[in-house]
Amino acid sequence: MSFFDTTPLGRIMNRFSKDIDIMDNNLTDAMRMYFLTLSMIIAVFILIITYFHYFAVALGPLFLMFLFSAGYYRASAREVKRHESVLRSVVFSRFGEALSGTACIRAYGMQDRFIRDLQDAIDTMDGAYFLTFANQRWLSVRLDAIGNLLVMTTGILVVTSRFNVSPSIAGLVLSYILSIVMIIQFSVRQLAEVENAMNSTERLHYYGTQLEEEAPPHLGEVRPSWPEKGEIVFDNVRMRYREGLPLVLQGIDLHVRGGERIGVVGRTGAGKSSIMSTLFRLVELSSGSITIDGVNIGSIGLHDLRSRLAIIPQDPTLFRGTIRSNLDPFGEHSDLELWTALRQSYLVTEEASLDDKSPGRIHLDGAVEEEGLNYSLGQRQLMALARALVRNSKIIVCDEATSSVDMETDQKIQRTIATGFKGKTLLCIAHRLRTIINYDRICVMDAGRIVELDSPLHLYDKPGGIFRGMCEQSGIKRENFFDGESGEVTVE
Ligand SMILES: Nc1ncnc2c1ncn2[C@@H]1O[C@H](COP(=O)(O)OP(=O)(O)OP(=O)(O)O)[C@@H](O)[C@H]1O
């Protein structure tokens with residue numbers, strides 16, 4: 001995950017589009033042309049040396065001159081190209097900024113400044129582009145000179161041996177050496193092309209072999225019925241997102257009993273979501289361990305772990321397809337089960353029928369666009385709830401699962417969570433305190449530590465406690481703990 005945090009998406013896209021294209025198409029072509037022209041040059045030299053042995057002597061110094069020019073060109077071409085691509089990305093980012101900020105730029109009347117900035121960036125990029133051409137001309141002049149020296153040497157040899165070599169051979173040799181002048185230039189350009197294309201290959205190779213990988217999907221044997229009770233033990237869990245960053249979880253000790261419902265609260269940045277990340281092993285622990293029903297989750301495969309847990313995230317991801325394919329991607333459940341889940345999560349009403357596919361109604365074959373953008377965020381959260389219900393996992397994690405639905409739906413969902421997830425272990429991060437005051441225990445987090453952990457009522461009764469403060473801020477009274485009707489309350 002740290003790779004995705006630190007690598008811009010544009011760079012990854014570039015690797016998998018441009019670099020792959022260059023490796024698959026340009027590289028093979030450039031190599032073919034390079035070896036073709038190289039073998040033509042060698043063949044012509046062999047032909048000439050066969051008839052005019054002294055040509056080999058002249059070839060030595062000319063070859064040294066060639067090596068120097070080609071080496072100089074290749075080194076500078078590489079740098080100039082790099083310079084140009086850096087300046088090109090400046091143009092792209094200026095352009096992107098201007099596009100995404102069009103409304104602000106117009107509102108503040110800054111069009112001229114942005115146009116000027118973009119023009120300056122294009123000018124600078126063109127400067128580097130010009131250098132690429134100037135570099136190629138520099139090489140052409142040197143290679144032309146070497147080619148002409150080769151022609152001159154051959155001419156001198158032909159003239160001085162005119163009584164020993166037949167005129168037809170002399171004509172053959174001269175015509176070949178004349179054609180070779182262009183080919184030498186072409187060959188050097190192809191070599192530079194191969195080198196550039198090899199950079200793409202090197203980058204792809206790095207992605208393929210050097211990147212840090214997550215744990216394997218399957219590792220060791222996991223009981224098919226695991227987790228049976230849903231008991232989770234966090235033992236001195238410490239976690240940081242990357243090497244060099246501070247610890248985000250600083251020694252969490254928490255024993256969640258099977259079937260217990262725990263509400264996790266705390267300020268923004270307290271580490272609530274990070275606890276969930278460790279449970280799903282999105283980030284590995286720095287030290288400590290998490291055990292679910294006696295199995296250390298660090299010792300099993302990622303698929304084995306994640307397939308046994310269910311999550312209702314804050315911003316759920318839906319995939320292009322149908323509601324059915326999103327609820328049950330592997331086709332393991334009957335339509336009736338899926339429909340019941342949709343009903344329990346209030347996406348369809350009690351009266352709606354499974355076969356009613358009229359437009360505007362939610363049904364199992366309803367289309368889901370990319371990222372589920374044809375549904376509101378609240379509906380997507382409800383779909384994630386339905387997905388969790390279908391999954392029937394023993395452990396359910398909710399990350400502010402109802403932050404985007406209205407109060408009335410939220411209350412219904414809480415009822416679903418209470419009934420549909422009965423007997424399951426529930427870890428719920430909540431912004432609306434009202435949703436969790438009836439839970440078994442509340443875990444209050446601050447700066448990566450658990451600062452309060454007890455039943456809601458006990459915590460409320462603790463004078464000066466953080467949870468008590470939050471409740472007071474949100475207007476929750478003692479009696480609300482018994483009726484669960486506390487009105488709209490939001491932490492922060
Ligand atoms: N991907 C990440 N890379 C580096 N640091 C991160 C990353 N995600 C979170 N953090 C850091 O970890 C700390 C805890 O973040 P976390 O998301 O767990 O807080 P939270 O309590 O869930 O907050 P919120 O209520 O706003 O969701 C924060 O200080 C944050 O800066």
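Helices are DSSP runs of H or I of at least four residues, strands are runs of E of at least two, and both are numbered from the N terminus. The model shown in every view is a predicted one.

**View 1. Helix 11 and the elements that cover it.** Helix 11 comprises residues 377–391. At 1.5 Å a residue, its 15 residues should span 21 Å, and the end C-alpha atoms are indeed 21 Å apart, so the expected and computed spans agree. The helix is mostly covered, with eleven of its 15 residues buried. Those buried are G378, R380, Q381, L382, M383, A384, L385, A386, A388, L389 and V390. The elements covering them include strand 6 (309–312) and helix 9 (323–327), together with helix 10 (335–344) and helix 12 (407–420).

**View 2. The residue that follows helix 11.** Just after helix 11, the backbone of N392 adopts a positive phi of about 55°. N392 is a residue other than glycine. The loop that holds N392 connects helix 11 with strand 9 (395–399).

**View 3. The largest nonpolar core and a second core.** The largest nonpolar core contains 47 residues, and L342, F421 and F467 have the most contacts inside it. Helix 11 supplies the largest share of this core, namely eight residues. Another core, of 31 residues, lies apart from it; V222, L254, I275 and I395 are among its members. Around L342, setting aside residues up to four places away in sequence, the residues touched are I323, L327, L347, V348, L364 and A386. Of these partners of L342, A386 is also one of the buried residues of helix 11.

**View 4. The six-stranded open sheet.** Six strands, in the order 6-9-10-3-11-12, form an open sheet with mixed pairing. Strand 6 and strand 12 (449–454) occupy the edges; each has a single partner strand, so one side of each is left without a neighbour in the sheet. From one strand to the next, the twist averages 20°. Within the sheet, strand 3 (residues 261–266) and strand 11 (residues 441–446) run parallel and are joined by five bridges. I262 stands opposite R441 of strand 11. Helix 7 (residues 272–279) packs on the sheet, where it touches strand 3, strand 6, strand 9, strand 10 (425–429) and strand 11. The direction of helix 7 makes about 140° with that of strand 10.

**View 5. Strand 1 and its two antiparallel partners.** Strand 1 (residues 232–239) pairs with strand 2 (residues 249–256) in the antiparallel sense, over six bridges. Strand 1 is also joined by five bridges to strand 4 (residues 287–292), and these two strands likewise run antiparallel. R238 illustrates both pairings: opposite R238 stand Q250 in strand 2 and S287 in strand 4.

**View 6. A cis peptide bond ahead of strand 1.** The peptide bond joining W226 and P227 is cis, with omega of about -5°. P227 is located in the loop between helix 6 (167–209) and strand 1.

**View 7. D293 in the loop after strand 4.** D293 belongs to the loop between strand 4 and strand 5 (295–296). Although D293 is not a glycine, its phi is positive, at about 45°. The relative accessible area of D293 is 10%, and the residue therefore counts as buried, the limit being under 20%.

**View 8. Spans annotated as transmembrane.** The unreviewed UniProt entry annotates residues 33–52, 58–75 and 169–188 as "transmembrane region". In the predicted model, residues 58–75 are 100% helix and 0% strand, and the end C-alpha atoms of this span lie 26 Å apart. Residues 169–188 are likewise 100% helix and 0% strand, with 28 Å between the end C-alpha atoms.

**View 9. The surroundings of S187.** S187 is situated in helix 6. With a relative accessible area of 4%, S187 is buried. Apart from its neighbours within four places in sequence, S187 is in contact with Y34, T37, L38 and I41.

Note on methods
Residues are numbered from 1 along each chain as its sequence is written. This is a predicted model: local features need pLDDT of at least 70, side-chain atom pairs count only at pLDDT 80 or more; totals for chains, interfaces and linings use all residues. Side-chain values use heavy atoms; hydrogens and water are left out. The expected span of a helix is 1.5 Å times one less than its number of residues. Buried means under 20% relative accessible area, exposed over 50%, partly exposed in between (1.4 Å probe, protein chains only). Contact means heavy atoms within 4.5 Å. Two strands pair if DSSP finds at least two bridges between them. UniProt positions are given in the numbering used here, feature names are shortened, and annotations may be inferred rather than shown by experiment. A nonpolar core is a set of buried Ala, Val, Leu, Ile, Met, Phe, Trp, Tyr and Cys residues joined through side-chain atoms within 4.5 Å. Axes are lines fitted to C-alpha atoms, for helices over the stretch in contact, and angles run from 0 to 180 degrees between N-to-C directions.
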